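The exercises below ask you to read helix packing, a buried charged side chain and some backbone features from a set of coordinates. Try each task before turning to its solution.

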Amino acid sequence: MEKIEVRQVKTHRDMDDFVRVPRMIYQDVPQYVPDMENDVRILFERSSNPGLAFSDIQPFVAYREGIAVGRIVGIVNQKANERWHARNVRFSLIEFIDDTDVSEALIEAVVRWGIAQGMDYIEGPLGITDFDKEGMLVEDFDMAGSMTAIYNPDYYPRHMESMGFQKEVDWLQVRINIPEEVPAKYARVAQYLRDSAGLTVRKFSTKQLMGRTGHAVFDLFNQAYRPIFGFSELSAEQIDRFLKQYLTLIDPHFIPVIVNEQQEIVGAAVTMVSLAEAMQKAGGTLWPLGWWHLLKALRLKPADHVEMLLIAVRPDYQGLGVNALFFDDLIPLYNRCGIHWAETGPQLEDNVRELSQWKPLKPEYVKRRRCYKKLIVES
């Protein structure tokens, strides 16, 4: 058996190998939605990724006979470790051929790197933030992937388990068909909240969301997501990066913001027409024709389904049924725009309140994905 060599990414050529590994693994996989390769590159640039102000990061590539056959990233998020009183090294962006020598060599590289950083556990897949892709797919490999969630081959979980990794948490995604009318329960609760609590749905322009309003929305996400597994609060610089990266791709009408009588933001939802098919056609690059496929999906022939990226309610308003206002606003909008179905991002399986809000829409719970964890230093 040929020896597997794992190298730290240090040069531009190394990074070329890193970003191109998925091309080989997924060349015949129709469900896979590639990342834009330039977006992957800038993850490692301090000038472009403000998360590196409090995180150490190291990408690796595995080679066999000089050919790149796998990749992985090690991350030590100091802010998250402090928040959760942990010493964890995260792994992310892991890809490998179906060869245990390759997967074991990649994990071992991150383990050694993490131990050198003083870490006790390895966990993942997790990014720097909770808004990065996270969780290895363990079910529903035949379902099409999305722009904002991990897709991986079915052999990946088997490799993790053979290396002694244990489940830390699971996420589920929720898929719904858009009804022709707002379910009566949502309509009734929405009207009650408008009348009794003075809550209303507002829509802001892209320009407004790029500024103070967008920061206020993400401040709300920071508050609402603080208790959730692995979360570390976004800095102002990180918020700026997310706004610049995604807002140009989202119709602001698809971002309902709930305000109270004092015009304080108490809830927000970020949804967008799916770009998955366009991303597949683009193949991870804007050139030569990737830009055209994305423009077509954004302006000329949008998809018939949406990705519901983020939903949050301010902690002191949670438990009141505020989410009904989102559905009361979005369902008629989706119908006018020819949207037939929607899929959420990953939601923790033990977040009963979050998952139960979908019941009036007869949801299908799909695409279970998992964060694995393993001890690397004996106490």
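**Exercises on a predicted model**

The coordinates used throughout belong to a predicted model.

**Exercise 1.** Determine how helices α6 and α12 are oriented towards each other, and which residues make their contact.

*Solution.* Begin with the geometry: helix α6, residues 184–196, packs against helix α12, residues 323–336, at an angle of about 115°, and their axes are 8 Å apart. Angles of 65 to 115 degrees count as roughly perpendicular, and α6 and α12 are therefore roughly perpendicular to each other. The handedness comes next, and the crossing of α6 and α12 is left-handed. Turning to the residues, α6 contributes Y186, A187, V189, A190, L193 and R194, which meet A324, L325, F327 and D328 of α12. Sorted by class, this contact of α6 with α12 comprises 8 nonpolar and 2 charged residues, with no polar ones.

**Exercise 2.** Examine A187 of helix α6: is A187 buried, partly exposed or exposed, and which residues does it touch beyond four places in sequence?

*Solution.* The relative accessibility of A187 is 28%, so A187 counts as partly exposed. Leaving out residues up to four places away in sequence, A187 touches V182 and D328. The second of these partners can be checked along the backbone, since the C-alpha atoms of A187 and D328 are separated by 6.0 Å although the two residues lie 141 residues apart along the chain.

**Exercise 3.** Describe the packing of helices α8 and α9 in terms of angle, axis separation, handedness and residue classes.

*Solution.* Helix α8 spans residues 212–225 and helix α9 residues 236–246; they pack at an angle of about 115°, with axes 10 Å apart. Their crossing is right-handed. From α8 the contact draws on G214, H215, F218, D219 and N222, while A236, I239, D240, F242 and L243 come from α9. By class, the contact of α8 with α9 has 5 nonpolar, 3 polar and 2 charged residues.

**Exercise 4.** Locate R370, decide whether R370 is buried or exposed, and find what its side chain pairs with.

*Solution.* R370 belongs to strand β14, which covers residues 364–375. A residue under 20% relative accessible area counts as buried; R370, at 17% relative accessibility, therefore counts as buried. Its side chain is joined to that of D170 by a polar contact of 2.7 Å. Beyond four places in sequence, the contacts of R370 also include G124, P125, E161, K167 and W171.

**Exercise 5.** Identify where cis peptide bonds join G124 to P125 and W287 to P288, and place each proline in its loop.

*Solution.* The bond between G124 and P125 is cis, with omega about 5°, and P125 is found in the loop between β5 (121–124) and β6 (136–137). A cis peptide bond also joins W287 and P288, again with omega about 5°, and P288 is found in the loop between α10 (276–282) and α11 (290–300). The earlier solution connects here, for both G124 and P125 are in contact with R370.

**Exercise 6.** For Q263 and K362, establish the sign of phi and the degree of exposure.

*Solution.* Q263 is not a glycine, yet its phi is positive, at about 65°; Q263 lies in the loop between β9 (257–259) and β10 (265–273). With a relative accessible area of 44%, Q263 is partly exposed. K362, likewise a residue other than glycine, has a positive phi near 50° and is found in the loop between α13 (352–356) and β14. At 74% relative accessibility, K362 counts as exposed.

Technical notes: Residues are numbered from 1 along each chain as its sequence is written. This is a predicted model: local features need pLDDT of at least 70, side-chain atom pairs count only at pLDDT 80 or more; totals for chains, interfaces and linings use all residues. Side-chain values use heavy atoms; hydrogens and water are left out. Axes are lines fitted to C-alpha atoms, for helices over the stretch in contact, and angles run from 0 to 180 degrees between N-to-C directions. Helices (H or I, at least four residues) and strands (E, at least two) are DSSP runs, numbered from the N terminus. Angles under 35 degrees count as roughly parallel, over 145 as roughly antiparallel, 65 to 115 as roughly perpendicular and the rest as oblique. A crossing is left-handed if the near helix is turned anticlockwise from the far one by less than a right angle, and right-handed if clockwise. Contact means heavy atoms within 4.5 Å. Ala, Val, Leu, Ile, Met, Phe, Trp, Tyr, Cys and Pro count as nonpolar, Asp, Glu, Lys and Arg as charged, and the others, Gly among them, as polar. Buried means under 20% relative accessible area, exposed over 50%, partly exposed in between (1.4 Å probe, protein chains only). A polar contact is a pair of N or O atoms within 3.5 Å; within protein, one must be able to donate a hydrogen and the other to accept it, and residues adjacent in sequence count only if both atoms are side-chain atoms.
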